[in-house]
Amino acid sequence: MRHEQRDAPPDVDTRLGARLAELRAEHGWSLGELAERSGVSRSTLSRAERAEISPTAAVLNRLCAVFGRTMSQLLSEVEGESALLVRAADQPVWEDRASGFVRRSVSPPHAGLRGELVEGRLAVGADIAYDRPPVPGLEQHIWVLAGALAVTVQDVEHRLAAGDTLRLRVWGPTRFRCAGEEAVRYVLAVVLP
């Protein structure tokens, strides 16, 4: 796993690191225990909690699975209270520079609501593999707006072009890959089971 090192971490990385440390403490786990449960190295966990690195999407996914949260839920905890009306300028954006993935929380999680909308952008050549869903049985609807996206679910690759939609429940590993000569942009609708 490759992680970006920066001199001064952005505020979101600092808040994310603090929240990850809080969640670990709430569960009463040491770094070693969390490393065993998540499959993420102790050093990566420690550096992420101290905001020395920004965790990749795959690392965040593993941590979300252990803590029983979707990535959107975790990131919304870092961003603060979600309003009913979410202006474009207020939609949180998170970037995994190492993999070429940009994630905009168009309709962040909100208390009492089970669904959310995420805009995903993958750079040319970007390939992200998730070894498990953050919440087993998570319902996802993937709608490609531009470019080509290959989504692998249960060892079956689905190729989507602009306008195509893939609907599924996630129980195991998934993979999202930019499958074209241009960046791909898609909408991901997530519904908690």
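Guide: In this predicted model, a residue is called buried when its relative accessible area is under 20%, exposed when that area is over 50%, and partly exposed in between.

Visitor: Why does Asp155 count as exposed?

Guide: The relative accessibility of Asp155 is 78%, and the cut-off for exposed is over 50%, so Asp155 is placed among the exposed residues. Asp155 sits in the loop that runs between strand S6 (149–153) and strand S7 (156–160).

Visitor: What makes the phi of Asp155 worth a remark?

Guide: Most residues other than glycine have a negative phi. Asp155, a residue other than glycine, has a positive value near 65 degrees.

Visitor: Which residue that is not a glycine has a positive phi of about 60 degrees?

Guide: That residue is Ala51, which follows helix H3 and belongs to the loop between H3 and H4. Its relative accessibility is 8%, and since buried means under 20%, Ala51 counts as buried. Helix H4 is likewise followed by a residue of positive phi, namely Gly68, with a value near 70 degrees.

Visitor: How do you know whether Ser54, in the loop between helix H3 (42–49) and helix H4 (57–67), is buried or exposed?

Guide: The value for Ser54 is 9% relative accessibility, to be set against a limit of under 20% for buried residues, and Ser54 is therefore classed as buried.

Visitor: What makes the approach of the side chains of Ser54 and Asp13 a polar contact?

Guide: The distance is 3.2 Å, and a polar contact calls for a pair of N or O atoms within 3.5 Å, one able to donate a hydrogen and the other to accept it; the pair is accordingly listed as a polar contact between the two side chains.

Visitor: Why is Ser38 called buried?

Guide: Ser38, which is part of helix H2 (residues 31–38), has a relative accessible area of 1%, and because the limit is under 20%, Ser38 is buried. A polar atom of its side chain lies 3.2 Å from the backbone nitrogen of Val40. With neighbours up to four places away in sequence set aside, Ser38 is in contact with Leu45, Arg62, Leu63, Val66 and Arg132.

Visitor: How do you know whether Thr44 in helix H3 counts as buried or exposed?

Guide: At 12% relative accessibility, Thr44 falls under the 20% limit, so Thr44 counts as buried. The side chain of Thr44 also makes a polar contact of 2.9 Å with the side chain of Ser41, while the C-alpha atoms of Thr44 and Cys64, 20 residues apart in sequence, are 15 Å apart in space. The other buried residues of H3 are Leu45, Ser46, Ala48 and Glu49, and the cover over the buried residues of this helix includes helix H1 (11–27), H2 and H4.

Visitor: What makes H4 a helix that is mostly covered?

Guide: Eight of the eleven residues of H4 are buried, and these are Ala57, Val59, Leu60, Asn61, Leu63, Cys64, Val66 and Phe67.

Visitor: Why does Leu20 count as buried?

Guide: Leu20 lies in helix H1 with 4% relative accessibility; as buried means under 20%, Leu20 counts as buried. Apart from residues up to four places away in sequence, Leu20 touches Ala48, Glu49, Leu63, Phe67 and Leu74. Ala148, by contrast, is 128 residues from Leu20 in sequence, and the two C-alpha atoms are 33 Å apart.

Visitor: How many helices and strands does the chain have, and why is it called as compact as a globular protein of that length?

Guide: The chain has five helices and ten strands. Its radius of gyration is 16 Å, and because the globule rule gives 16 Å for 193 residues, the chain is judged as compact as a globular protein of that length. The C-alpha trace spans about 45 × 35 × 35 Å along its principal axes, and 47% of the 193 residues count as buried.

Visitor: What else can be said of the contacts, surface and charges of the chain?

Guide: Among contacts between residues at least 6 apart in sequence, 68% join residues at least 24 apart. The chain exposes about 9,700 Å², of which carbon and sulfur atoms supply 50%. The 24 positive and 26 negative charges have mean positions that are 2 Å apart.

Terms used
Residues numbered from 1 in each chain as written. Predicted model: local features only at pLDDT ≥ 70, side-chain atom pairs only at ≥ 80, totals over all residues. Heavy atoms only, no water. Helix = DSSP H or I, 4+ residues; strand = E, 2+ residues; numbered from the N terminus. Buried < 20%, exposed > 50% of the residue type's maximum accessible area, 1.4 Å probe, protein only. Contact = heavy atoms within 4.5 Å. Rg over C-alpha atoms; globule rule 2.2 N^0.38 Å. Areas by Shrake-Rupley, 256 points an atom, 1.4 Å probe, with all protein chains shown as cover. Lys, Arg positive; Asp, Glu negative; His and termini not counted. Charge placed at Lys NZ, Arg CZ, Asp CG, Glu CD.
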